[in-house]
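I opened this model to follow the inside of the fold, starting from a single residue and working outwards. My entries below are in the order in which I looked things up.

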Amino acid sequence: SFFRSSALFSIFGSWATAKRKKTTMYGLSIRVAVMALSRNGGLVPRAGREFASGSDKKAKTPSAEEKPKPKCAAGGAGGFLRVEVNGPIAELVMCRSKALNAMSEGFIGELRDAVAWVDQQPELRVVILRAEGKLFCSGLDLKEVQDRFSKSISFVEKLKLVSAILGSKLLSTSPAPKPSEAGPQAMRNQELLRMMQRWHKAVAGIHRCRLPVIGAIHSLCIGAGTDLACALDIRYCTADAVFSMKQTKMGLAPDVGQLQFISRLIGSGLARDLAFTGRDFKAAEALQMGFVNKVFATEEEMLTGARALAAEIASNSPLAVQGAKYVLNYAENHNLEDGLEQMAMWNAAFLKSEDLFSAIGSFTTKTKPSFSNFVAPPPQ
């Protein structure tokens, strides 16, 4: 449920006691509900509460000098992503398996930092995004969402939510919100806006990364997990994989770039079907509609396939691969003529490269070409 069961037990227990004593529901319910929810971490947040891994621990933000490479401490709390590098291939591993790899502010921060880090390493050529545990991603961290949401609404709105839980009319005689609440509420809305923008930029960073990013998705990939999958360049999944835009069934429009990406992947008609219904779509259907590139029987086979694909891509000229991604991304946001012009400019600038001469020489001598590492210019 949306609120913690301990808070609800406190509320209903107090209500039952009040009923036996024939105490009026209005005054007691407000006091007990607010006090109980505040004490149990519900609607009224604790003073100075931090949001790290859905717990009360204050998240430490290391400086750039302290973490040149994002890592997840083995078995340690607070880690969301682990970066593993094997030659030209980097693997970003979602390692919060105990929380079913739910997406939170902490995860978004580490995703942003990890993608920025791999993007700046000239020796890297391909990225694989995968997850540890029973499933790929269970969606949003609802515990953190509850705390965040409680900060963004006014006191009267909190009481309305409590009233809805109790099935009573606590606010039938309560005073209207004061005009002065409009200012603070607007500021709380701005805080939510900034949080959403952080999430959008972090997920879109995968799309903008100069390196191709391959997703290896197993089991459930729900809600925000599907948002993340949409930003990937290539998606592999297991036969038991399930995707969905669950936000629709929770009273939200699918966010974090999902609506912007998915229609480009599967077409407007199918995208609207999935967005309007919020229904699940399994691996076989995802393959049929073009959402995933390939389906594997097991997670081990999928990882083997993803790593083989990454190795094949990494064997090509980084200049050509990253140039292809750059031009493809550019074409998505521009018309045909602009896209062709950009392609002509790219080739005019980079056609006479050492990689081209190496490839031609290797073709004539029947040897393997040697390509230099390359960092593409920032996307437009």
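**Entry 1: a serine in a loop**

I began with S104, which I found in the loop between strand 2 (89–94) and helix 3; helices (H or I, at least four residues) and strands (E, at least two) are DSSP runs, numbered from the N terminus. I noted that the model is predicted, that local features need pLDDT of at least 70 and side-chain atom pairs count only at pLDDT 80 or more, while totals for chains, interfaces and linings use all residues. Residues are numbered from 1 along each chain as its sequence is written, and side-chain values use heavy atoms, with hydrogens and water left out.

Is S104 buried or exposed? I find S104 buried, because its relative accessible area is 0%; buried means under 20% relative accessible area, exposed over 50%, and partly exposed in between, with a 1.4 Å probe and protein chains only. Leaving aside its neighbours within four places in sequence, I listed F80, R96, D141, E144 and W199 as the residues in contact with S104, where contact means heavy atoms within 4.5 Å.

**Entry 2: the whole chain**

For the protein chain I recorded 14 helices and nine strands, and of its 380 residues, 46% are buried. Among contacts with a separation of 6 or more, 72% are between residues 24 or more positions apart.

**Entry 3: the sheet**

I then traced an open sheet of six strands, whose order is 1-2-3-4-6-9 and whose pairing is mixed; two strands pair if DSSP finds at least two bridges between them. Strand 1 (81–86) and strand 9 are at the edges, and each has a single partner strand, so one side of each is left without a neighbour in the sheet. On average, neighbouring strands of this sheet are turned by 20° against each other, direction ignored; the axes are lines fitted to C-alpha atoms, for helices over the stretch in contact, and angles run from 0 to 180 degrees between N-to-C directions.

Strand 3 (residues 126–131) runs parallel to strand 4 and is joined to it by three bridges, with I128 having I214 as its bridge partner in strand 4. Strand 4 (residues 213–217) pairs in turn with strand 6, in the parallel sense and over four bridges. In strand 6 I noted I234 as the bridge partner of I214, R235 as that of G215 and C237 as that of I217. Strand 6 also pairs with strand 9 in the parallel sense, over three bridges, and there C237 stands opposite V295.

How many residues of strand 4 are buried? Five of the five are, so strand 4 is largely enclosed by the rest of the structure; V213, G215 and I217 point one way, and I214 and A216 the other way. In strand 6, too, five of the five residues are buried, so the rest of the structure largely encloses this strand. From strand 6, I234, Y236 and T238 point one way, whereas R235 and C237 point the other way.

**Entry 4: the nonpolar cores**

The largest nonpolar core has 52 residues, and F243 and F291 are those with the most contacts inside it; such a core is a set of buried Ala, Val, Leu, Ile, Met, Phe, Trp, Tyr and Cys residues joined through side-chain atoms within 4.5 Å. Helix 3 (residues 105–119) gives the most to this core, with seven residues. I also found a second, separate core of 16 residues, including I89, A216, I234 and L309.

**Entry 5: the aromatic pairs**

My search of the whole structure gave five aromatic pairs; rings of Phe, Tyr and Trp (its six-membered ring) pair if their centres lie within 6.5 Å, and planes under 30 degrees apart count as stacked, over 60 as edge-to-face and the rest as tilted. The rings of Y236 and F296 have centres 5.2 Å apart and planes at 50°, so I entered the pair as tilted. This pair links strand 6 (residues 234–238) with strand 9 (residues 294–296), and Y236 and F296 are 60 residues apart. Both rings belong to buried residues, Y236 with a relative accessible area of 7% and F296 at 14%.

F243 and F291 form an edge-to-face pair, 5.2 Å centre to centre with 75° between the planes. F243 is in strand 7 (residues 242–244) and F291 in the loop between helix 10 (283–289) and strand 9, so the pair ties together parts 48 residues apart in sequence. Ring pairs also join F243, F281 and F291 into a cluster.
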